[in-house]
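Subject: Structure for you to look at

Hello,

Here is the structure I said I would pass on. My notes follow below it.

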Amino acid sequence: MSKLPIIYVVSDSLGETAELVTKAAISQFNQTDHFMIKRFPFVEEISNVDEVIYLTKRDQGMIVYTLVRPEIREYLKEAAKREQIIAYDVIGPLINHIQTVSGKQPLYEPGIMHKLDEDYFKKVEAIEFAVKYDDGRDPRGVLKADLVLIGVSRTSKTPLSQYLAHRRVKVANVPIVPEVDPPEELFSIDPKRCIGLKISPETLIGIRTERLRSLGLSDSANYAKIERIKEELSYFEKVIDRIGCPVIDVTNKAVEETANIIHSMVQKNYLK
């Protein structure tokens, strides 16, 4: 069996970009399993380049590289030329062209795309929080949340929670149902950290009817009857009065519109 051609993917970061480009090129030959790709990441020293050159020459392979530091990039280019190794620079020429067009100086800093700053981690944490404390599944989330959304079924509590999570707000949401007492935690937190979502009965009937139909259920179920809806909304008002929190009417409002209103309220409360 003949030896597979080896392509060394070299980068001063993770090497994902160079590997992706290499695989895209190989796919045009319809024989992706006839090549071997070896990733060589975090090449930041001349000695690293020397090692890659040695291995590539030994294996009679080629190099595909994404090196943003000019001195390392140039060294690899010259070393490959000297050893008669095929070496393809994926990002260097593009950086040079962009510099020419923009007139701006590149940072020449490896791994910028992969830097995970504090803002990113806060967003991930908020998204995980919204999932964990969705639909009142754990009342302890009420005490931990930046904001608690409460409302009857189909008032967009879950999508609002996720939308706000992408703005790094930790949101728990609690459904209001006449047969179930709200968690006591709701009455122990600052009312400013809680927002009620109200909706007109007529709008809610339409939303719930469509929901039942999408699930293949009869739209004559009690869930979508006006008497039941009015009962739920009346109970919701009693809970809201007891908490003393602000209320937003989500009737005919898009999720994005409501989320913007809520986010503005959150920012104002935090600044006080």
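What radius of gyration does the protein chain have, and what would a compact globule of 272 residues have? The protein chain comes out at 29 Å, whereas the compact globule would be near 19 Å. Please keep in mind that this is a predicted model.

Overall dimensions and surface

The C-alpha trace spans about 85 × 50 × 35 Å along the principal axes of the protein chain. Its accessible surface is about 16100 Å², and carbon and sulfur atoms contribute 54% of that. Of the 272 residues in the protein chain, 36% are buried. On the charge side, the protein chain has 38 positive and 40 negative charges, and the mean positions of the two sets lie 1 Å apart.

Fold

The protein chain contains 10 helices and eight strands. Taking the contacts with a separation of 6 or more, 73% are between residues 24 or more positions apart.

Strand S1

I looked at one strand in some detail. Strand S1 covers residues 6-11, and six of its six residues are buried. In a regular strand, side chains alternate between the two faces of the sheet. In S1, Ile6, Tyr8 and Val10 are on one side, with Ile7, Val9 and Ser11 on the other. Both of these faces are covered, as each of the six residues named is buried.

Which strands does S1 pair with? One is strand S2 (residues 36-40), which runs parallel to S1 and is joined to it by five bridges. Within that pairing, Val10 has Phe40 of S2 as its bridge partner. Another is strand S3 (residues 62-66), also in the parallel sense and also over five bridges. There, Tyr8 of S1 has Ile63 of S3 as its bridge partner. Tyr8 and Val10, the residues in these two examples, are on one side of S1 together with Ile6.

Glu78

The other residue I checked is Glu78, which sits in helix H3 (residues 70-82). Is Glu78 buried, exposed or partly exposed? Glu78 counts as partly exposed because its relative accessibility is 36%, and the partly exposed class lies between the cut-offs of under 20% for buried and over 50% for exposed. Measuring aside, the model places the C-alpha atoms of Glu78 and Asn48 14 Å apart in space, with the two residues 30 apart in sequence.

Regards

Definitions and conventions. Residues numbered from 1 in each chain as written. Predicted model: local features only at pLDDT ≥ 70, side-chain atom pairs only at ≥ 80, totals over all residues. Heavy atoms only, no water. Helix = DSSP H or I, 4+ residues; strand = E, 2+ residues; numbered from the N terminus. Rg over C-alpha atoms; globule rule 2.2 N^0.38 Å. Buried < 20%, exposed > 50% of the residue type's maximum accessible area, 1.4 Å probe, protein only. Contact = heavy atoms within 4.5 Å. Areas by Shrake-Rupley, 256 points an atom, 1.4 Å probe, with all protein chains shown as cover. Lys, Arg positive; Asp, Glu negative; His and termini not counted. Charge placed at Lys NZ, Arg CZ, Asp CG, Glu CD. Pairing = 2+ DSSP bridges.
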